Amino acid sequence: RQKLSIGKGRPVLINLWATWCAPCREELTEMAKRKDEFAEHNLDVVALCMDSLGEEKTDPQAAETFLDQINFPFTHGTATEGLANLFQAIHNLLVVNDTVLPAPTSFLIDGQGRLSIIYKGQISLDQLFTDCEYASRSRNERFQDSASLPGRILINSNLDKDLESLEMTNL
């Protein structure tokens, strides 16, 4: 067990993965190879293995062995059922399609502790690094960028109050 530093000025990518998942293994391998770019973007990674969850039990040492093989330089551990359920609940609150999260799934949390993006499936690290700049934008720019359709927002006091209320809800 380790206390994570979330909302202390550095963005954090929380990655949920499994040893049986080929895209997960590719993603973590690429992260390890590009560790210097994570440092350049001041981005922390926490990789949480979900092997112990679900019906199909795997070797508890398999995750550690794999991470050692690829020289994974970031914080890692095992996801508990409670934590997996929490991430599922967050997803279900924000996304209309409340299907079970796939492996891999990652949550990008900005330096202020706000959830920025949920990535379902393998991440493009180039896109991730671009997304890290998201938090430096104004509240209205972040809201506009999160829309699923292109357009412009109509700025008004009600929208500002709603967005401020949403920002006060941190992970």
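**Exercise 1. Find the disulfide and describe its geometry.**

Task: Which cysteines does the disulfide join, and what is its handedness?

Solution.
- Step 1. In this predicted model, Cys21 and Cys24 are joined by a disulfide, with an S to S distance of 2.4 Å.
- Step 2. Check the cut-off: a pair of cysteine sulfurs must lie within 2.5 Å, so 2.4 Å qualifies.
- Step 3. Count: the structure holds 1 disulfide.
- Step 4. Read the torsion. The angle about the S-S bond is 80°, and the link of Cys21 and Cys24 is right-handed.

**Exercise 2. Classify the cysteines by accessibility and pairing.**

Task: Are Cys21 and Cys24 buried or exposed? Where is the nearest cysteine sulfur to Cys49, and to Cys132?

Solution.
- Step 1. Buried means under 20% relative accessible area.
- Step 2. Cys21 has 4% relative accessibility, so Cys21 is buried. Cys24 has 0%, so Cys24 is buried.
- Step 3. Cys49 is in no disulfide; its nearest cysteine sulfur belongs to Cys24, 8.5 Å away. Cys49 counts as buried because its relative accessibility is 4%.
- Step 4. Cys132 is in no disulfide either; the nearest cysteine sulfur is that of Cys24, 19 Å away. At 13% relative accessibility, Cys132 is buried.

**Exercise 3. Test the length of helix H1 and locate its buried side.**

Task: What span should helix H1 have, and which of its residues are buried?

Solution.
- Step 1. Helix H1 covers residues 22–33, which is 12 residues.
- Step 2. At 1.5 Å a residue, H1 should span 16 Å. The end C-alpha atoms of H1 are 17 Å apart, so the two values agree.
- Step 3. The buried residues of H1 are Cys24, Glu27, Leu28, Met31 and Ala32.
- Step 4. These residues cover an arc of only 135° around the axis, so they sit on the same side of H1.
- Step 5. The spacing has a general basis: an α-helix has 3.6 residues a turn, so residues three or four places apart point the same way.
- Step 6. Now list the partners. The buried residues of H1 pack against strands S1 (12–17), S2 (44–49) and S4 (105–109). They also pack against helices H2 (35–40), H3 (62–69) and H5 (125–131).

**Exercise 4. Place Leu154.**

Task: Where is Leu154 found, and is Leu154 buried or exposed?

Solution.
- Step 1. Leu154 is in the loop between helix H6 (139–145) and helix H7 (157–167).
- Step 2. Its relative accessibility is 71%, so Leu154 counts as exposed.
- Step 3. Compare Leu154 with Phe38. The two are 116 residues apart in sequence, and their C-alpha atoms are 35 Å apart in space.

How values were computed: Residues numbered from 1 in each chain as written. Predicted model: local features only at pLDDT ≥ 70, side-chain atom pairs only at ≥ 80, totals over all residues. Heavy atoms only, no water. Buried < 20%, exposed > 50% of the residue type's maximum accessible area, 1.4 Å probe, protein only. Helix = DSSP H or I, 4+ residues; strand = E, 2+ residues; numbered from the N terminus. Expected span 1.5 Å × (residues − 1). Arc of directions from axis to C-beta. Contact = heavy atoms within 4.5 Å.
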